[in-house]
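Student: I have a predicted model open in front of me. Please take one part of it and walk me through it closely. I would like to start with the nonpolar core.

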Amino acid sequence: MKLPCDVIQDLLPLCVDEACSQASRDLVEEHLKGCKACQKAQEGMREAILSPPVEENEERLLAAFRKAWKQEKAQSFRRGILIALGICVILFCLALSFGGNYLFTVPISQMHIEEPYRFANGDIGFIAWPLDGKPVTYIFSTEVNADGTGTERVVISRSLFDLLGFSPAFRSQPRFNLEEVNARRQKDILKGSEIVKCYIGRGKDAILIWELGRELPPAPEEVERAVLPYSPDFN
């Protein structure tokens with residue numbers, strides 16, 4: 001029995017949903033063998049059933065976008081952390097290269113300096129330590145006076161590392177030997193003359209600790225026996 005297309009297309013949704021009887025299905029399939037219009041209608045119904053709704057597609061697209069955005073955000077954060085760490089490493093290396101050598105002058109008012117004395121071997125020395133507890137460096141230099149004589153000057157300085165407190169401070173005993181300094185400076189600075197004065201610091205705050213003809217008291221016995229923690233720099 002041949003059924004009209006209208007009846008077959010009314011049955012198609014039931015067949016696609018598998019909600020009709022086998023007899024109805026057989027009639028529909030028999031009709032579809034010779035009817036292209038109904039075949040096309042069946043294919044459209046199957047695509048509509050198998051394809052998700054538009055809203056579902058949009059939700060999937062939004063979910064995929066959110067996931068990709070979160071992944072990109074996490075990658076950007078990790079890249080930022082790596083860049084920041086790289087900059088920190090570079091700055092730290094620069095600090096290691098330059099921070100330890102860049103010196104700042106420490107005012108005499110920030111130091112405790114005791115009276116100078118002379119060691120048994122002729123060295124002139126004094127005990128000093130910073131009042132703020134941060135380490136310092138003693139820089140020895142020789143200057144030529146207007147009359148050609150020399151002045152030995154001890155400048156108290158700090159490096160960047162000292163200012164940041166990376167090194168421990170200690171009670172130091174700077175000392176120098178006039179004969180050795182005179183001998184070292186004869187060719188380039190003194191040129192036949194000799195050192196006649198020694199100052200700690202520069203400018204108005206400078207302290208005269210020795211001058212030619214001044215007798216210094218002998219170093220205390222415990223200072224003579226002490227192992228000096230500091231070896232001076234001569235410029």
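Tutor: The largest nonpolar core has 21 residues. Tyr138, Ile156 and Trp210 have the most contacts inside this core. Find those three in the predicted model, then look at what surrounds them.

Which elements give two or more residues to this core? They are strand 6 (137-144), strand 7 (150-159), helix 6 (178-190), strand 9 (195-200) and strand 10 (207-211). A second core stands separate from this one. That second core has 10 residues, including Ile8, Leu12, Cys15 and Val28. Leave it aside for now.

Take strand 6. Is it mostly covered or mostly open? It is mostly covered, with 6 of its 8 residues buried. Compare that with the whole chain, where 31% of the 235 residues count as buried.

Now add strand 7. Strand 6 and strand 7 run antiparallel and pair over 8 bridges. One pair to find is Val144 with its bridge partner Gly150 in strand 7. Between the two strands of this hairpin lie 5 residues. In that hairpin, Gly148 has a positive phi near 95 degrees.

Keep one rule in mind as you trace any strand. In a regular strand, side chains alternate between the two faces of the sheet.

Strand 7 has another partner, strand 9. These two run parallel, and 5 bridges join them. Look for Thr151, which stands opposite Lys197 in strand 9.

Strand 9 in turn pairs with strand 10. Here the sense is antiparallel, over 4 bridges. Ile200 has Ile207 in strand 10 as its bridge partner. The hairpin of strand 9 and strand 10 has 6 residues between the strands. In this hairpin, Gly201 takes a positive phi near 90 degrees.

Next, charges. Side chains of opposite charge can pair when their charged atoms come close. How many salt bridges does the whole structure hold? A search finds 6.

Two of the pairs involve strand 7. Start with Glu143 and Arg153, whose side chains meet in a salt bridge at 2.9 Å, N to O. Glu143 sits in strand 6 and Arg153 in strand 7, 10 residues apart, and the pair links these distant parts of the chain. Glu143 is partly exposed, at 24% relative accessibility. Arg153 counts as buried, because its relative accessibility is 12% and the cut-off for buried is under 20%. Arg202 joins in as well: Glu143, Arg153 and Arg202 are linked in a network of salt bridges.

The other pair is Arg158 with Asp132. Their closest N and O atoms are 2.5 Å apart. Arg158 lies in strand 7, while Asp132 lies in the loop between strand 5 (128-130) and strand 6, so this salt bridge ties together parts that are 26 residues apart in sequence. Arg158 is buried, with a relative accessible area of 4%. Asp132 is partly exposed, at 41%.

Now step away from the core, for contrast. Go to helix 4 (residues 54-99), where Phe77 lies. Is Phe77 buried or exposed? Phe77 is exposed, because its relative accessible area is 58% and the cut-off for exposed is over 50%. Phe77 belongs to a nonpolar patch on the surface, together with Ile81, Leu82 and Leu85. Together these residues have about 430 Å² of accessible area.

There is a salt bridge to find here too. Arg79 pairs with Glu72, with the closest N and O atoms 3.2 Å apart. Arg79 is partly exposed, at 42% relative accessibility. Glu72 is partly exposed as well, at 39%.

One more sheet is worth a look. Its 3 strands form an open sheet in the order 3-4-8, with antiparallel pairing. Strand 3 (117-118) and strand 8 (175-176) each have a single partner strand, so one side of each is left without a neighbour in the sheet. Strand 3 joins strand 4 (residues 124-125) through 2 bridges. Among them is the pairing of Arg118 with Ile124.

Last, zoom out to the chain. It has 7 helices and 11 strands. Consider contacts between residues at least 6 apart in sequence: 65% of these join residues at least 24 apart. The chain exposes about 15,500 Å², and carbon and sulfur atoms supply 58% of that area.

Conventions: Residues numbered from 1 in each chain as written. Predicted model: local features only at pLDDT ≥ 70, side-chain atom pairs only at ≥ 80, totals over all residues. Heavy atoms only, no water. Pairing = 2+ DSSP bridges. Patch = residues over 30% accessible without salt bridge, like charges linked within 9 Å, V, L, I, M, F, W, Y side chains within 5 Å. Areas by Shrake-Rupley, 256 points an atom, 1.4 Å probe, with all protein chains shown as cover. Salt bridge = Lys/Arg side-chain N within 4 Å of Asp/Glu carboxyl O. Buried < 20%, exposed > 50% of the residue type's maximum accessible area, 1.4 Å probe, protein only. Contact = heavy atoms within 4.5 Å. Core = buried A, V, L, I, M, F, W, Y, C linked by side-chain atoms within 4.5 Å.
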